[in-house]
Amino acid sequence: MKKYIAPIIMLAIFEAIAVTLWLTKDNFFYFVNFTYIGCSIALGMFLYIKKYKHARRVVQLLVGLYMLIYLGFICGENMQIEGFWYYLFTGVFEAATIHYAVAKIFGPLIFGRGWCGYACWTAMVLDFLPYKVPSQPRKKLGWIRYITFALSLIFVSALFLAKVGNIERIMFWSFVAGNALYYAVGIVLAFVFKDNRAFCKYVCPVTVFMKPMSYFALFRVRCKKDLCVDCGKCKRVCPMDVDVTDNSRKRKNGTECILCMECVKNCPKKAL
Ligand code: SF4
Ligand code: SF4
Ligand code: SF4
């Protein structure tokens with residue numbers, strides 16, 4: 001039973017969020033929404049414990065497709081970063097602002113970049129590409145994310161400053177266009193750098209929020225130094241180039257860990 005504690009805790013956290021938002025916002029949708037996401041994540045963790053090798057992909061598809069198709073295309077909510085700026089500027093704590101608060105700003109204090117490993121609909125597609133493990137050293141291109149972050153902010157600010165009408169409609173179409181662009185750039189970069197996660201490492205603006213918060217994450221992969229034989233397998237299989245054998249918070253690329261558990265699965269000494 002002890003081994004099921006983690007999925008139970010995760011489900012409890014999401015249920016607490018679901019009930020709190022339902023009651024404070026007086027909107028039953030939030031209860032359904034966060035219960036669904038919590039159950040999906042808990043199911044994935046349960047499948048992982050049962051050693052089902054596609055456990056993470058199941059969660060990615062359950063959450064990613066729900067958010068992209070149902071919330072994005074059917075409900076017309078822009079859940080990308082422009083949608084976050086839009087709701088922030090209108091002063092409304094709804095949709096994208098709640099999503100960002102839970103998944104990308106405060107949530108990472110608990111589950112780090114779990115969003116990136118288990119729920120992001122961009123990575124959901126990129127993870128199907130052939131370069132699961134980077135074959136080349138990481139490039140020094142992380143600065144690009146600050147430019148895309150600034151561009152998203154400038155785009156939405158300009159719409160408000162120019163007092164453009166029907167911004168909600170523009171937000172919907174920017175969600176469609178933004179996703180198409182993310183997928184196109186993500187796929188091209190994956191093939192150019194032979195690395196499925198090149199887009200995440202260099203371009204994604206959301207990491208500007210997530211990296212500093214995940215530095216303090218409660219859930220982290222830790223190394224039992226007494227068992228480790230320094231074989232380096234964990235670093236070779238890591239899609240994000242994390243030095244997971246270093247337990248300090250300053251470990252190399254520590255804020256890039258997406259909790260995919262590939263290092264844990266592949267450690268021959270069960271040291272992780
Ligand atoms: S870095 Fe960006 S694109 Fe990659 S998984 Fe995270 S949120 Fe998605
Ligand atoms: S794979 Fe395991 S034993 Fe090998 S270096 Fe990593 S933690 Fe140590
Ligand atoms: S392989 Fe390990 S260190 Fe690398 S991203 Fe996955 S969980 Fe994090």
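Helices α4 and α10 meet in a right-handed crossing, and that is a good place to start with this predicted model. The axes of α4 (residues 81-90) and α10 (residues 167-193) come within 9 Å and cross at roughly 160 degrees. Because angles over 145 degrees count as roughly antiparallel, α4 is roughly antiparallel to α10. Below you will find the residues behind that contact, then the two domains, then the three ligand sites.

**The α4 and α10 contact**

- On the α4 side, Glu82, Gly83 and Tyr86 make the contact.
- Helix α10 answers with Ile167, Met171, Ser174, Phe175 and Gly178.
- Sorted by class, this contact has four nonpolar residues, three polar ones and one charged one.

**Two domains and where they touch**

- The domain assignment splits the protein chain into domain 1 (53-214) and domain 2 (223-272).
- Their C-alpha centres are 25 Å apart.
- Domain 1 brings 14 residues to the contact, and domain 2 brings 10.
- On the domain 1 side, α7 (114-118) and α12 (207-214) each give at least two residues.
- Helix α7 has the largest share of that side, with three residues.
- By class, the side of domain 1 that touches domain 2 has three nonpolar, five polar and six charged residues.

**Around ligand 1**

- The shell of ligand 1 includes the cysteines Cys116, Cys120, Cys200 and Cys204.
- Thr122, Ala123, Phe199, Val206 and Thr207 also belong to the surroundings of ligand 1.
- Two elements, α8 (121-126) and α11 (198-202), give two or more residues each to this shell.
- Seven residues of the ligand 1 shell are nonpolar and two are polar, with no charged residues.

**Around ligand 2**

- Ligand 2 has 13 residues around it, and the closest are Cys228, Cys231, Lys233, Cys234 and Cys267.
- Its shell divides into eight nonpolar, two polar and three charged residues.

**Around ligand 3**

- Ligand 3 is surrounded by 13 residues, of which Cys238, Val242, Cys257, Cys260 and Cys263 come nearest.
- Here the shell consists of 12 nonpolar residues and one charged residue, with no polar ones.

Conventions: Residues are numbered from 1 along each chain as its sequence is written. Chains are lettered from A and ligands numbered from 1 in the order in which they are written. This is a predicted model: local features need pLDDT of at least 70, side-chain atom pairs count only at pLDDT 80 or more; totals for chains, interfaces and linings use all residues. A residue is near a molecule or strand if its C-beta atom, placed from the backbone, lies within 6 Å of it. Ala, Val, Leu, Ile, Met, Phe, Trp, Tyr, Cys and Pro count as nonpolar, Asp, Glu, Lys and Arg as charged, and the others, Gly among them, as polar. Helices (H or I, at least four residues) and strands (E, at least two) are DSSP runs, numbered from the N terminus. Axes are lines fitted to C-alpha atoms, for helices over the stretch in contact, and angles run from 0 to 180 degrees between N-to-C directions. Angles under 35 degrees count as roughly parallel, over 145 as roughly antiparallel, 65 to 115 as roughly perpendicular and the rest as oblique. A crossing is left-handed if the near helix is turned anticlockwise from the far one by less than a right angle, and right-handed if clockwise. Two residues are in contact if their C-beta atoms, placed from the backbone, lie within 7 Å. Domain bounds come from an automatic or database domain assignment.
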